[in-house]
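Me: I would like a close look at a single part of this model, namely its aromatic rings and how they are arranged. Please take me through it slowly, as I am new to reading structures.

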Amino acid sequence: MTTPECPGRGPELLRRHSTAGPGAVDRYFSLSARGSTWRREIVAGISTFLALSYIVVVNPAVLAQGGIPHTAAFFATAAVGGLATMAMGLWARLPFAVAPGMEMNAMVAFSVVGTLAYTWPQALGMVFWSGVAMLAVSLLRLRAAVINAIPPELRSALAAAVGAFIGLVGLQIAHLVRTSDGRLSGLGDWTGPPAVALYLGLAVALVLDRLGARAAAVLGGIAAAALYCAVAGLRAGAVHDGFHGSGAALFRFDLTVLADPRAWSVILVLFALDFFGSIAKAVGLSAHTPLQDDQGRVPGMREALLVDAGATVAGSAVGSSSFVAFVESAVGIRAGARTGIAAVVTGLLLLSCLFLGPVLVHVPVEATTGALVFVAVKMLTTRPPGGTDRLGVAVTVTAVAVTVATLAIDQAMAAAFVVSVAASVIGRRRSHPALWVTTLLLMAGVVLQYLHR
């Protein structure tokens, strides 16, 4: 209330108080510094969860093919993923969600157990040792050194590769493309309910994005879910009962598998997939966003790498394959996520799946496809600051082409590094020594993977 002597003084004092400076939480998360708001972070966190929620259903189903108890894998996915994602937000202060990688769970279930005939406790033991190796190289700052040595053209290429991978995941879930042995094998059904759900979700997202809505992707997913349920009905699925049976795989991993020389190459493959996959995703997700500083580095990256390595160790003790920074985090970043607050929201929602399992299994996974393809389109069409030269175009095209051909980001990363290093040699330009070492390790990792097919 104002007085006659000082008209307007009350509103002026209110304005001064409201702009006196950010609070402790705001400063800790750099909320204002990165141009974000609480509302934007919360919506973005929800968007990320909706985009990756399928993993809570799919990961246990895949691992169950390798004998890992279904309920234990479900608990590991939701509990470890939720806690690790919250740690990512609270410690690394980055909007990255952490969940089991699809390339890793398929390898454990179908290759390690199915083809190589190891038991599932032995397979979890291999996951454990690969996670320990990841912790070691993260503590030694080797992964951070590799990330910091990546030049701008490779960062843009990896961002495009991540975008292409996200889009292919969406097309596969929508049954528009078919895969066999981890490769594209042909076109699928372009007229069924899953395809229509993708079309609707993508169309709604594009229209809302044009109108300036930050939550365009998640709103498109909600519209697609409503349509899919109306046309195809509720999905039937295995009922999860929270904590009942969740300890069936607790500390069942067989750590003595390290004494088996045959297991060493499997551990190396799991390590290579996690090591280089996490680098590619971390760089790709943060490229051309306020998450990077003026030197193109991402504050909190070392903590982020330690979180996903620790999650792999913890997940193997509970009943899951390796955990990674999930590419679907791009949906939340596209919705405006700039701080760890979004990851905290996503982590809490993942933890809530422990109690909402009976409901979650009925949510149509196909509803997320429009959002995934929408984000993929945005990532593939984003021009890097300052444009790009011929080398940048060549590296980007190579990374995207290999991603489409192999559905493997680490192999796309290897191809992009080879092109970049080769161009440097031909052009007689100096490259960081870490790039040469990384390129050789990537090529060795790809060879090891093919030896295990």
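Reply: What follows is a walk through the aromatic rings of this structure, which is a predicted model. A pair of aromatic rings is described by the distance of the centres and the angle of the planes, and the structure holds four aromatic pairs. One of them joins tyrosine 28 and phenylalanine 29, whose ring centres are 5.1 Å apart and whose planes stand at 90° to each other, an edge-to-face arrangement. The two partners can also be described by their accessibility: tyrosine 28 has a relative accessibility of 36% and therefore counts as partly exposed, whereas phenylalanine 29, with a relative accessible area of 8%, is buried.

Another pair is made by phenylalanine 128 and tryptophan 129, and because their planes meet at 80°, with the centres 5.1 Å apart, this pair is edge-to-face. Here phenylalanine 128 is buried at a relative accessible area of 14%, while tryptophan 129, at 23%, is partly exposed; the cut-off that matters for these two labels is that buried means under 20%. Phe128 and Trp129 also belong to a wider group, since together with Phe251 and Phe253 they form one aromatic cluster.

Returning to tyrosine 28, its ring has a further neighbour, for the charged end of arginine 93 sits over the ring of tyrosine 28, at 4.1 Å from the ring centre. Tyrosine 28 is thus paired edge-to-face with phenylalanine 29 and has the charged end of arginine 93 over its ring.

Conventions. Residues numbered from 1 in each chain as written. Predicted model: local features only at pLDDT ≥ 70, side-chain atom pairs only at ≥ 80, totals over all residues. Heavy atoms only, no water. Phe/Tyr/Trp six-rings, centres within 6.5 Å; stacked < 30°, edge-to-face > 60°. Buried < 20%, exposed > 50% of the residue type's maximum accessible area, 1.4 Å probe, protein only. Lys NZ or Arg CZ within 6 Å of the ring centre and 35° of its normal.
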